[in-house]
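Student: Could we go through this protein together? I would like to learn how each label is earned.

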Amino acid sequence: MTGPFVTRDGSRWMPDYLTAIDGATCIGCGRCFKVCSREVMHLYGIDDTGEILGVCDGEDDDFDGQLNRMIMVVDHPGRCVGCGACARVCPKNCQTHVAADKVAA
């Protein structure tokens, strides 16, 4: 997707789409999820070896005692509109964003 992007007032704007979150750096704080209106990412539990156990749904899910920590995972990248709200609230700068004019069609 390429071309001129503009806001409603005609100002030029380039969306930056969220493509990945570094699981080694992410602390699972959930700030990005809270500001995202499109549910692009979700909180997942991981075990001691770094294996993803599944989505944490907020019901004290401990995955049979295997839960070591939680991280945010981009599980619906196509929903991202490139607003950048998640990047602005991330305290660890663990996200990768790609400008709309650099995304492969």
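Student: What makes the approach of the Gln95 side chain to the backbone nitrogen of Ala87 a polar contact?

Tutor: Keep in mind that this is a predicted model. In it, the Gln95 side chain reaches the backbone nitrogen of Ala87 at 3.3 Å. A polar contact needs a pair of N or O atoms within 3.5 Å, one able to donate a hydrogen and the other to accept it. The distance of 3.3 Å falls within that limit, so the pair qualifies. Gln95 also has a polar contact of 3.0 Å with the side chain of His97.

Student: Why is Gln95 called buried?

Tutor: Its relative accessible area is 12%. Buried means under 20%, so Gln95 earns the label. Gln95 sits in strand 5, which covers residues 95-99. Leaving out residues up to four places away in sequence, Gln95 touches Leu18, Ala20, Ile21, Cys32, Cys86, Ala87 and Cys90.

Student: Phe63 and Asp64 both lie in the loop between strand 3 and strand 4. Are they buried or exposed?

Tutor: Let's take them one by one. Phe63 has a relative accessible area of 16%. That value is under 20%, so Phe63 is buried. Asp64 stands at 76% relative accessibility. Exposed means over 50%, so Asp64 is exposed.

Student: What is phi in Phe63 and in Asp64?

Tutor: Phe63 has a positive phi of about 50°, although it is not a glycine. For Asp64, also a residue other than glycine, phi is positive and near 55°.

Student: How do you know how many cavities to count?

Tutor: A cavity is a space where a 1.4 Å probe fits but cannot get out. Counting those of 30 Å³ or more gives one cavity. The largest cavity holds about 80 Å³ of space. It is lined by 14 residues, and the closest to its centre are Cys26, Cys29, Cys32, Cys90 and Cys94.

Student: Which classes make up the lining of the largest cavity?

Tutor: Nine of the lining residues are nonpolar, three are polar and two are charged. Cys counts as nonpolar here, so the five residues closest to the centre belong to that class.

Student: And what pattern does the protein follow along the sequence?

Tutor: The order is β-α-β-β-β-α-β, with two helices and five strands in the protein. Buried residues make up 32% of its 105 residues.

Technical notes. Residues numbered from 1 in each chain as written. Predicted model: local features only at pLDDT ≥ 70, side-chain atom pairs only at ≥ 80, totals over all residues. Heavy atoms only, no water. Helix = DSSP H or I, 4+ residues; strand = E, 2+ residues; numbered from the N terminus. Buried < 20%, exposed > 50% of the residue type's maximum accessible area, 1.4 Å probe, protein only. Contact = heavy atoms within 4.5 Å. 1 Å grid on protein atoms, 1.4 Å probe; cavity = no way out; pocket = protein on both sides within 12 Å on 5 of 7 lines; lining within 4 Å. Points joined across faces, edges and corners; volume = space filled by probe spheres on them.
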